[in-house]
Amino acid sequence: MNHKNLKSFPDGFLWGASTSAYQVEGANLEDGKGPSCQDVKEVPENTSDLTVCADQYHRYKEDIALMAEMGFKVYRFSIAWTRILPNGTGEVNPKGIEYYNNVIDECLKYGIEPLVTMFHFDMPAALDARGSWSNPESSDWFANFAKVLFENFGDRVKYWLTINEQNMLTLVGPVIGTLVLPEGTTNVLKEIYQQNHHQLVAQAKAMKLCHEMLPNAKIGPAPNISLVYPASCKPEDIIASQNFNALRNWLYLDMAVYGIYNAIVWSYLEENDATPVFQPGDAEILKEGTCDIIGFNYYNTSTVEAFDIQTAVETEESLRDQQSGQAIPGFARSVRNENLPKTEFGWEIDPVGFRATSREIYSRYHKPMIVTENGLGAYDTLTEDGKIHDEYRINYLRNHINQMNLSITDGSEFLGYCPWSAVDLISTHEGMRKRYGFIYVDRSDFDLGTLNRYRKDSFYWYKKVIGSNGKDLD
Ligand code: BG6
């Protein structure tokens, strides 16, 4: 649909950006913090460990001041479960509470709304030792953590996100460093979807609790949602795209919004003897704990073709990363979309797909949306005079904001936009060299440098965007 006039971004639109605790804070075992799965995992070859990251734990004031200088209205950050509860359950760590009180207060000092992710890829190691998400008690561990957060921060935090990219934890957990398989697991798919089920129940318990304890707050999920295109108009490819859309996207949003399992996914799980076991009360809690808002991360679309089980010579090993697809015999197989360029790190770039994805989410669910991640991972260069000329990032963001504006004009309801990332941080599996921030951090994978902050060109550009409420994108 072409529009003659674009609607404006709504008043009070929440412009900001995102980070996550384990990728930005550092101080990973300081002041009583317990280890998470990220602290004990083997880091991918040639990438930094997660002990220092961007050192935000010690530099949050400087970082938040820079965000305020850009005009941020919101800062999306995550709370490290093991800073609050070093063993995942049990004793609360007062230093952890103090740290996040400080971060929240620092944001509010500048009129920046804190948008808190409760769980961003950092399961307490002590809970991994107790079976991690395969333990049916895990939903109660998470609900207990949620309660501690609501009690301590609920007086000031109005926007909450439950689990970051649960769909990626399920589809590519080993890439992110999170999957724990109990010894003797034979049906891996069943085990993974059992863990996924426990996370869905955990999320529902947290959302229900939030409504009870903080009736004025808004809570939602933060999956990685991107439309899956059919590779052609062959009807079989359409079915494949519906399959993969269901598995990657709608499973998570059907559950968060309606508290029900997506039918196509359920059938796929039945087919593979992989349906999850429900504990008594699970079906009810899933229906009772639904969301107010939809947070979603968007990087690019994917494209699939039919992958007939007869023609699949063998089950292809299908694990890539968050954006690079899967091959599931009898279901769908990802293919390259030749219409789209790629980033230096091989992710396709599809701003129009952002409009398409958000229109589809809004048409299906009619909930206000907040973009919780979107951005370009690239190699940046710090010049001798302290500049970072990242016009590639500006182009990426400009094109996506333009498409968001079109989607708003199409009738979609957006609350805000939080690209990834506010500050350079460590990527999930590609180290420090894959940078996303508006704020450059002077360090590399194996040299901690000065950790000084520098304003990239995108910093000044985004400041203008925010100052004009999305009108000035030049
Ligand atoms: C999302 C995650 O998958 O994408 C972030 O929520 C992550 O934690 C971001 O950093 C970018 O991915 P990557 O793999 O480039 O770090």
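Student: How far is an oxygen atom of the ligand from an N or O atom in the side chain of Thr 428?

Tutor: That distance is 2.5 Å. Keep in mind that this is a predicted model.

Student: Okay, and which other side chains have a polar atom by a ligand oxygen, say Trp 420 or His 120? What are the distances?

Tutor: For His 120, an N or O atom of the side chain is 2.8 Å from an oxygen of the ligand. For Trp 420, a polar side-chain atom sits 3.2 Å from a ligand oxygen.

Student: How much of the ligand does the protein bury?

Tutor: The protein buries 100% of the 370 Å² that the ligand exposes when taken alone.

Student: And how many residues surround the ligand?

Tutor: There are 16, and the closest are Gln 23, Glu 165, Thr 428, Lys 434 and Tyr 436.

Student: Back to Trp 420 for a sec. Is the peptide bond from Trp 420 to Ser 421 cis or trans?

Tutor: That bond is cis, and its omega is near 10 degrees. In general, most peptide bonds are trans. As for where you'd find Ser 421, look in the loop between strand 12 and strand 13 (439-441).

Student: Cys 53 caught my eye too. Is its phi positive or negative?

Tutor: Positive: phi of Cys 53 is near 50 degrees, and this residue isn't a glycine. Most residues other than glycine have a negative phi. Cys 53 belongs to the loop that runs between helix 2 (37-40) and helix 3 (56-70).

Student: New topic, sheets. What's the strand order in the open sheet of eight strands?

Tutor: The order goes 5-4-3-2-1-12-11-7, and the pairing is parallel. Strand 5 (218-222) and strand 7 (294-297) are at the edges with a single partner strand each, so one side of each has no neighbour in the sheet. From one strand to the next, the twist averages 30 degrees.

Student: Can you zoom in on one pair? How many bridges join strand 2 and strand 3?

Tutor: Five bridges, in the parallel sense, between residues 74-78 of strand 2 and residues 113-119 of strand 3. In one of the pairings, Ser 78 has Thr 117 of strand 3 as its bridge partner.

Student: Which strands does helix 14 touch?

Tutor: Helix 14 (residues 391-410) packs on the sheet and touches strand 1 (14-18), strand 11 and strand 12. Its direction makes about 175 degrees with that of strand 12. Then there's helix 13 (residues 351-365), which lies across strand 7, strand 11 (369-373) and strand 12 (414-417). Helix 13 runs at about 155 degrees to strand 7.

Student: What about the open sheet of four strands, which order does that have?

Tutor: That order is 6-8-10-9, with mixed pairing. Strand 6 (228-230) and strand 9 (327-328) are the edges, and since each has a single partner strand, one side of each is left without a neighbour in the sheet. Strand 6 pairs with strand 8 (residues 302-305) in the parallel sense over three bridges, and Pro 230 stands opposite Val 304 in strand 8.

Student: Last one: how far does helix 9 reach?

Tutor: Helix 9 (residues 188-213) reaches 37 Å from its first C-alpha to its last, close to the 38 Å expected for its 26 residues at 1.5 Å a residue. At its start, a side-chain oxygen of Asn 187 comes within 3.4 Å of the backbone nitrogen of Leu 189.

Definitions and conventions: Residues numbered from 1 in each chain as written. Predicted model: local features only at pLDDT ≥ 70, side-chain atom pairs only at ≥ 80, totals over all residues. Heavy atoms only, no water. Pairing = 2+ DSSP bridges. Helix = DSSP H or I, 4+ residues; strand = E, 2+ residues; numbered from the N terminus. Axes fitted to C-alpha atoms, helices over the stretch in contact; angles between N-to-C directions. Contact = heavy atoms within 4.5 Å. Near = heavy atom within 4 Å. Polar contact = N/O pair within 3.5 Å; in protein donor to acceptor, adjacent residues only side chain to side chain. Areas by Shrake-Rupley, 256 points an atom, 1.4 Å probe, with all protein chains shown as cover. Expected span 1.5 Å × (residues − 1).
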